[in-house]
Amino acid sequence: MDIQWPLLIFSVLLGVTSGAFVFLGVGELRGKFKDVRFMGALIALICLAVGGCVSVLHMGHPERATHLLGNLGSGLSKELFIVALMGIVALVYLVLAKKDYPGASKAFGVLGAVLGLVLPFVAGASYLIAARPAWDSVALPLMFLGAGLAMGMTLMAGLVLLRGKAAEEGGFALKLALAGVVIMVVTTAAYVVWIAIAPFPAPSRSIERLVSGDMAMMFWAGVVVIGIVAPVALTALACVKATKGDGGSGVADPKALAFMMFGACACTAIGAVVIRIIMYGVGTSVEQFIYH
């Protein structure tokens with residue numbers, strides 16, 4: 001199947017929004033990250049807005065996007081609803097981040113975190129089509145969710161180390177980033193396993209294409225090395241280095257650790273794009289082998 005770039009970019013940017021708000025929501029529950037919540041919410045809102053605008057370009061007639069409201073049961077309508085709801089919550093939280101309303105900030109931060117968990121899952125679930133076996137598994141939306149958590153949490157951890165209270169909150173921020181990266185590894189691996197075991201096997205959607213075929217370079221370099229090994233190594237190393245400052249009680253060289261997190265975020269984003277390119281590549285339908 002041809003790569004649908006507007007939808008691919010849309011899903012990646014939604015992931016950043018998702019991970020950033022889950023990070024902020026956990027921070028609200030723990031009373032942390034107040035110094036970066038405005039910047040984090042702003043980044044999340046921008047990613048959501050840009051992603052939404054880009055996704056409309058997928059339609060042959062973008063002006064007809066409102067027609068989705070006539071079919072509220074469709075996957076696209078569900079995406080539109082959750083994106084709009086996330087946008088409202090993000091905007092309110094952005095305003096509250098500049099005010100002193102701790103109760104309201106906590107409520108909208110937690111609500112944003114819940115929607116952040118739902119957002120990439122809903123976007124991924126719209127691909128679940130029985131006629132395309134390599135897509136028809138919960139592993140696909142979980143892969144979207146895992147990549148989003150890794151991107152958003154590493155990005156936010158970098159912001160905390162660079163602009164927040166690194167000594168007090170940096171260690172916890174890095175632990176959240178590591179958790180996001182680990183979830184990304186597990187969900188990405190689960191989707192690759194699904195490609196291998198999906199029903200109605202065919203050469204165009206076989207695991208051999210990833211391991212040793214025409215997609216091997218993308219898979220090994222883009223997904224495994226850049227998208228998995230690099231973020232895991234950078235995040236784990238940052239967590240280790242963070243414990244070596246101030247007798248183990250603070251964070252060593254917050255600026256250097258911040259750039260390690262930004263590097264991990266960039267690598268995760270590259271991996272997220274490449275695994276989606278592979279997803280489209282193996283997204284062939286059963287029908288084409290029956291009728292052609």
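Ser18 counts as buried in this predicted model, because its relative accessibility is 0%. The residue belongs to helix H1, which spans residues 5-30. When neighbours within four places in sequence are left aside, Ser18 is in contact with Gly116, Leu117, Pro120 and Leu145. Three of these partners can be placed by their numbers: Gly116, Leu117 and Pro120 fall within helix H4, which covers residues 102-125. Leu145 falls within helix H5, which covers residues 139-163.

Ala41 offers a second example of a residue enclosed by others. Its place is in helix H2, residues 37-56, and it counts as buried because its relative accessibility is 0%. Beyond its neighbours within four places in sequence, Ala41 is in contact with Phe21, Leu24, Tyr93 and Leu94. One of these partners, Leu24, stands 17 residues from Ala41 along the chain, and the C-alpha atoms of the two are separated by 8.2 Å.

These two residues may now be set within the chain as a whole. The chain contains ten helices and zero strands, so that its elements, read from the N terminus, run α-α-α-α-α-α-α-α-α-α. It has 292 residues, of which 51% count as buried. Among the contacts with a separation of 6 or more, 79% are between residues 24 or more positions apart.

The interior can be described through its nonpolar core. The largest such core has 85 residues, and the members that touch the most others are Phe23, Tyr191, Leu210 and Met279. Helix H5 gives the most to this core, with 16 residues. What does Tyr191 touch, if residues up to four places away in sequence are not counted? The list consists of Ala134, Trp135, Ala139, Leu140, Met143, Ile275, Met279 and Val282. Met279 thus appears both among the core members with the most contacts and among the residues that Tyr191 touches.

Trp135, another residue touched by Tyr191, leads to the aromatic rings. The structure holds nine aromatic pairs. One of them joins Tyr127 and Trp135 in an edge-to-face arrangement, with 5.3 Å from centre to centre and 85° between the planes. Both partners lie inside: Tyr127 counts as buried because its relative accessibility is 9%, and Trp135 counts as buried because its value is 2%. Tyr127 also forms an edge-to-face pair with Tyr280, at 6.1 Å from centre to centre and with 75° between the planes. Tyr127 lies in the loop between helices H4 and H5, whereas Tyr280 lies in helix H9, so this pair ties together parts that are 153 residues apart in sequence. Tyr280, like Tyr127, is buried.

Ring pairs link Tyr127, Trp135, Phe144 and Tyr280 into a cluster. Two arginines are placed over faces of rings in this cluster. Arg132 lies over the face of Trp135, 5.5 Å from the ring centre, and Arg276 lies over the face of Phe144, 4.2 Å from the ring centre.

Helix H8, residues 216-242, has a kink of about 35° centred on Val225. Which residues of H8 are buried? They are Ala216, Phe219, Gly222, Val223, Gly227, Ile228, Pro231, Thr235, Ala238, Cys239 and Ala242. A general property of helices helps in reading this list: an α-helix has 3.6 residues a turn, so residues three or four places apart point the same way. The buried residues of H8 are covered by parts of the structure that include helix H5, helix H6 (166-197), helix H7 (207-211) and helix H9 (254-281).

The last topic is the cysteines. How many disulfides does a search of the whole structure find? The search finds zero, and two cysteines illustrate the reason. For Cys265, the closest cysteine sulfur is in Cys47, at 8.9 Å, and this is too far for a bond because a disulfide requires sulfur atoms within 2.5 Å. For Cys267, the closest cysteine sulfur is in Cys265, at 9.3 Å, which is again too far for a bond. Both residues are nevertheless inside: Cys265 counts as buried because its relative accessibility is 13%, and Cys267 is buried with a relative accessible area of 17%.

How values were computed: Residues are numbered from 1 along each chain as its sequence is written. This is a predicted model: local features need pLDDT of at least 70, side-chain atom pairs count only at pLDDT 80 or more; totals for chains, interfaces and linings use all residues. Side-chain values use heavy atoms; hydrogens and water are left out. The bend at a residue is the angle between axes fitted to the seven residues ending there and the seven starting there. Helices (H or I, at least four residues) and strands (E, at least two) are DSSP runs, numbered from the N terminus. Buried means under 20% relative accessible area, exposed over 50%, partly exposed in between (1.4 Å probe, protein chains only). Contact means heavy atoms within 4.5 Å. Rings of Phe, Tyr and Trp (its six-membered ring) pair if their centres lie within 6.5 Å; planes under 30 degrees apart count as stacked, over 60 as edge-to-face and the rest as tilted. A charge sits over a ring if NZ of Lys or CZ of Arg is within 6 Å of the ring centre and within 35 degrees of the ring normal. A nonpolar core is a set of buried Ala, Val, Leu, Ile, Met, Phe, Trp, Tyr and Cys residues joined through side-chain atoms within 4.5 Å.
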